[in-house]
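Thanks, everyone, for making the time. I would like to walk you through one structure, going from its strands to what lies inside, so please keep the sequence and the model in view while I talk.

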Amino acid sequence: MNDRSVDTTDKKSQLPTQPNNLEVSKNKIAFLLIDIPSSINGNHKIKLHLVPETVVSLNGEIEIYRYDYKGWGEKRDKNNIGIINHSLGTKLATLTSTSLANGVPVSVDLTDKIISYGEEFSIALKVSDPSDEVYFYSKEKGITGRGIVSNTIVWPHLSFQ
């Protein structure tokens, strides 16, 4: 539904631009908002799919957290992801430099981490080492000024099997 990198040190930003990648670095956390269909149940295997666009440096890990703020968005209102609380929930998984390469898709099994269906689920990606910097493809990548959507396979998404 939404994905956005946020500079968590900038408490005034309402993110007026639409960057076409998700930066995960010292001060930037990437947030993903995903809708879990009500048809999904405990019998499904659930995987998070990400594609790194550029791994600048990764000495530590990319940490994947649950983000429990419901209803966040990118509109200029009180729920704007740029100005709301950025406290992270439970750590769900980690990605290491051995599992990330430019343009190579990576999948993370979240089956036992997602136990509620038919609602929004938010994920946050952050670095464990402040010297690290990784860019992931965003849903904004491939949307042209004419509204043409291409290359959706690189967008962050969940799969249900």
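Let me start with a single pair of residues: L22 has F136 as its bridge partner, and that partner sits in β10. The model we are looking at is a predicted one, so please hear everything that follows with that in mind. The pair belongs to a wider connection, since β2 and strand β10, which covers residues 133–137, run antiparallel and are joined by four bridges. Taken one step further, these strands are part of an open sheet of three, ordered β2-β10-β5 and paired in the antiparallel sense. Because β2 (21–24) and β5 (52–57) are at the edges, each with a single partner strand, one side of each has no neighbour in the sheet. From one strand to the next, the twist in this sheet averages 15°.

Staying with β5 for a moment, I would point you to V55, which is found in that strand. Is V55 buried or exposed, or something in between? With a relative accessibility of 23%, V55 counts as partly exposed, because the cut-off for buried is under 20% and exposed begins over 50%. Setting aside residues up to four places away in sequence, V55 touches L100, A101, N102, E133 and V134. It is also worth finding F136 again here, because V55 and F136 are separated by 81 residues in sequence, yet their C-alpha atoms are 8.4 Å apart in space.

Now to the other three-stranded sheet that I would like to show, which is again open, with the order β8-β4-β11 and antiparallel pairing. Here the edges are taken by β8 and β11 (157–160), and as each has a single partner strand, one side of each is left without a neighbour in the sheet. Ignoring direction, neighbouring strands of this sheet are turned against each other by 30° on average. Between strand β4, residues 46–50, and β8 there are four bridges, and the two run antiparallel. Within that pairing, H49 stands opposite S107 in β8, and K47 stands opposite D109, also in β8.

Those two partners in β8 bring me to its side chains. As a general point, the side chains of a regular strand alternate between the two faces of the sheet. Strand β8, residues 106–109, shows this alternation: V106 and V108 point to one face and are buried, whereas S107 and D109 point to the other and are not.

Let me turn to β9, where six of the eight residues are buried, so this strand is largely enclosed by the rest of the structure. With β3 it runs antiparallel, over six bridges, and there A30 has L125 as its bridge partner in β9. With β6, strand β9 pairs over five bridges, also in the antiparallel sense, and in that pairing I64 stands opposite L125.

What, then, fills the interior? The largest nonpolar core has 28 residues, and those with the most contacts inside it are L48, I62, I64, I123, L125 and F136. Several elements give two or more residues to this core, among them β2, β4, β8 and β10, while β9 gives the most, with four residues. If we take I64 and leave aside neighbours within four places in sequence, its contacts include L48, V108, I123 and L125. Apart from this core lies another, of 10 residues, including V6, L33, Y67 and I81.

How many cavities of 30 Å³ or more does a search of the whole structure find? The search finds one, and the largest cavity has a volume of about 50 Å³. Its lining includes L33, Y67, E120, F121 and S122, and β9 gives the most to that lining, with three residues.

To close, let me step back to the whole chain. The protein has zero helices and 11 strands, and buried residues make up 42% of its 161 residues. Among contacts between residues at least 6 apart in sequence, 79% join residues at least 24 apart, and the pair of V55 and F136, 81 residues apart in sequence, is a good place to begin looking on your own screens.

Terms used. Residues numbered from 1 in each chain as written. Predicted model: local features only at pLDDT ≥ 70, side-chain atom pairs only at ≥ 80, totals over all residues. Heavy atoms only, no water. Pairing = 2+ DSSP bridges. Axes fitted to C-alpha atoms, helices over the stretch in contact; angles between N-to-C directions. Buried < 20%, exposed > 50% of the residue type's maximum accessible area, 1.4 Å probe, protein only. Contact = heavy atoms within 4.5 Å. Core = buried A, V, L, I, M, F, W, Y, C linked by side-chain atoms within 4.5 Å. 1 Å grid on protein atoms, 1.4 Å probe; cavity = no way out; pocket = protein on both sides within 12 Å on 5 of 7 lines; lining within 4 Å. Points joined across faces, edges and corners; volume = space filled by probe spheres on them.
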